[in-house]
Amino acid sequence: MNQEIVKELRVISLRNGAELSVEADRIKDILPKLERGGFIDVNGEIVNAKDIVGIFTPQAMEDIIRRKNGQWKDKKGRWQDKGSRECPTCGNILPWGMRCGNCGGR
Ligand SMILES: [Zn+2]
């Protein structure tokens, strides 16, 4: 059996939209440098501490990007595209500008 150890990752999000993935274990080394400010080395990338927006799990980062792109989560926790909406009558997801195919609601 080929059991690969998957390292847990964190994503450092920068003001300019760049994202740097680092092993979660390394965050504890990076944090004190962040608090000191100035330039820090992240896997060989030199980053200005004040340009860091936050450090997120890959899952949280994906959610942030989806929301930024206008997607939204329905009641069942599924992502829906920008412009789509729930039918007020039956809860069916309607693409932008469409009537409900289930119940004819609008
Ligand atoms: Zn409906």
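So, L9 stands opposite E23, over in strand β2. That pair is a handy way into this structure, which is a predicted model, so keep that in mind as we go.

L9 is where strand β1 starts, since β1 covers 9-14 and β2 covers 19-23. The two strands pair in the antiparallel sense, and five bridges hold that pairing. They make a hairpin with four residues between them. Look at the turn and you'll find G17, which has a positive phi of about 95°.

While we're at that turn, let's stop at R15. You'll find R15 in the loop between β1 and β2. Is R15 buried or exposed? It's exposed, with 10 other C-beta atoms within 10 Å. Still, R15 has company: leaving out residues up to four places away in sequence, it touches D51 and V53. And if you want a distance across the fold, take R15 and T57, which are 42 residues apart along the chain, with 17 Å between their C-alpha atoms.

Okay, back to β1. What else does β1 pair with? Strand β5, residues 52-56, runs antiparallel to β1, and four bridges join the two. One pair to click on there is I12 with its bridge partner I55 in β5.

Put those together and you get an open sheet of three strands, in the order β2-β1-β5, with antiparallel pairing. The edges are β2 and β5, each pairing on one side only. From one strand to the next, the twist averages 20°. As a general reminder for when you look at the side chains, in a regular strand they alternate between the two faces of the sheet.

Now, what lies across this sheet? That's helix α2, residues 58-68, which lies across β1, β2 and β5 and runs at about 40° to β1.

The other helix is α1, residues 27-36. Just one of its ten residues is buried, so α1 lies largely in the open. Right after α1 comes G37, another spot with a positive phi, this time about 85°.

Then there's a second hairpin to look at. Strand β3, residues 39-42, pairs with strand β4, residues 45-48, in the antiparallel sense over four bridges. V42 sits opposite E45 of β4. This hairpin has two residues between its strands, and N43 in the turn has a positive phi of about 50°.

Let's zoom out to the whole chain. In total there are two helices and nine strands. Reading from the N terminus, the order is β-β-α-β-β-β-α-β-β-β-β. The radius of gyration is 20 Å, and the globule rule gives 13 Å for 106 residues, so the chain is more spread out than a compact globule. You can see that in the box the C-alpha atoms fill, roughly 60 × 45 × 15 Å along the principal axes.

How much of the chain counts as buried? Of the 106 residues, 5% do. On contacts, if you take those with a separation of 6 or more, 25% are between residues 24 or more positions apart.

Last thing, the domains. The assignment gives domain 1 as 9-69 and domain 2 as 72-106. Taken over C-alpha atoms, the centres of domain 1 and domain 2 are 35 Å apart.

Technical notes: Residues are numbered from 1 along each chain as its sequence is written. This is a predicted model: local features need pLDDT of at least 70, side-chain atom pairs count only at pLDDT 80 or more; totals for chains, interfaces and linings use all residues. The radius of gyration is taken over C-alpha atoms; the globule rule is 2.2 Å times the number of residues to the power 0.38. A residue is buried if 20 or more other C-beta atoms lie within 10 Å of its own, exposed if 12 or fewer, and partly exposed in between; C-beta atoms are placed from the backbone. Two residues are in contact if their C-beta atoms, placed from the backbone, lie within 7 Å. Domain bounds come from an automatic or database domain assignment. Two strands pair if DSSP finds at least two bridges between them. Axes are lines fitted to C-alpha atoms, for helices over the stretch in contact, and angles run from 0 to 180 degrees between N-to-C directions.
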